[in-house]
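Hi,

Here is the structure I promised to pass on. Have a look at it first, and my notes follow below.

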Amino acid sequence: MTRWLPLGGAFFVLFLGLGVAVARPPYAVDLAVAGLVQGWWRGTPGRVAQVVSDAFGPVVPAIFAIALAVGIVVCLRRGMRYQAGVALRVLAVLAATRLVSVVFKPLFVRDRPREYPEFSYPSGHVVSISSTGLAAALLCLWLAPKLTKWVVVFFSVATVLCAASRVVLGVHWVSDTVGAVLGVLGVGFLTGWAVRLLPPQPVPSAPRSA
């Protein structure tokens, strides 16, 4: 039951450690990948990457947060307090994980591969899509367990595509995207444990009529 606490702590420590490490000159793998895709953002790969980046960027958690808020209101109006409570706690996890890029970018003052606003570590776009994925998975674990696998698969693919798009666009190093996922998992597991979303519990069955 308490495994989520050390697991979240481990991911968060890895996130911090990677952030400290990459504050120095870029690693060989970062330079190699950046060199491989250098200039792609000016052509067709860049245009495709921009579409993917826009589709899986900060708008995703914003829409999901609004949907959760509306769902909470609807559930409360219908007397579904259990479902409303789960959605409220999922919203708390979403908010906490989304802050990973907002809070830590100014702490890890890392330059981007090319001239671009703001700092580089961690990737805000990857934080956005992975935080939404974690929140959606938690929501399904509690309210629709059968959908959890499909949600995890979808958002895993979306996160990889988003990370690739940011690298192709030349606005992030590979380690920025890896750090984003580590940070979301760390903060997400810790917050999920704190608000008692982890470990998940089954939906209580409705009482049967006599």
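Read from the N terminus, the protein runs α-α-α-α-α-α-α-α, that is, 8 helices and 0 strands (DSSP runs numbered from the N terminus, with helices being H or I of at least four residues and strands E of at least two). Please keep in mind that this is a predicted model, in which local features need pLDDT of at least 70 and side-chain atom pairs count only at pLDDT 80 or more, while totals for chains, interfaces and linings use all residues. Residues are numbered from 1 along each chain as its sequence is written, and side-chain values use heavy atoms, leaving out hydrogens and water.

On the overall shape: the C-alpha trace spans about 70 × 35 × 25 Å along its principal axes. The radius of gyration is 19 Å, which agrees with the value near 17 Å for a compact globule of 210 residues (taken over C-alpha atoms; the rule is 2.2 Å times the number of residues to the power 0.38). Of the 210 residues, 42% count as buried (under 20% relative accessible area; exposed is over 50% and partly exposed lies in between, with a 1.4 Å probe and protein chains only). Among contacts between residues at least 6 apart in sequence, 79% join residues at least 24 apart (a contact means heavy atoms within 4.5 Å).

Now the part I enjoyed, the salt bridges. The structure holds 3 of them (a side-chain nitrogen of Lys or Arg within 4 Å of a carboxyl oxygen of Asp or Glu). Which residues form a network of salt bridges? They are Asp30, Arg110 and Asp176.

In one pair of that network, arginine 110 meets aspartate 30 at 3.0 Å, N to O. Arginine 110 sits in the loop between α5 (81-104) and α6 (124-143) and aspartate 30 in helix α2 (residues 28-36), so this bridge ties together parts that are 80 residues apart in sequence. Arginine 110 also pairs with aspartate 176, with the closest N and O atoms 2.7 Å apart. Aspartate 176 belongs to helix α8 (residues 174-194), so here the parts tied together are 66 residues apart in sequence. Arginine 110 and aspartate 30 are buried, and aspartate 176 is buried too.

Glutamate 118 and lysine 105 make another bridge, at 3.9 Å between the closest N and O atoms. Both lie in the loop between α5 and α6, 13 residues apart. Glutamate 118 is exposed, at 63% relative accessible area, whereas lysine 105 is buried, at 10%.

Best wishes
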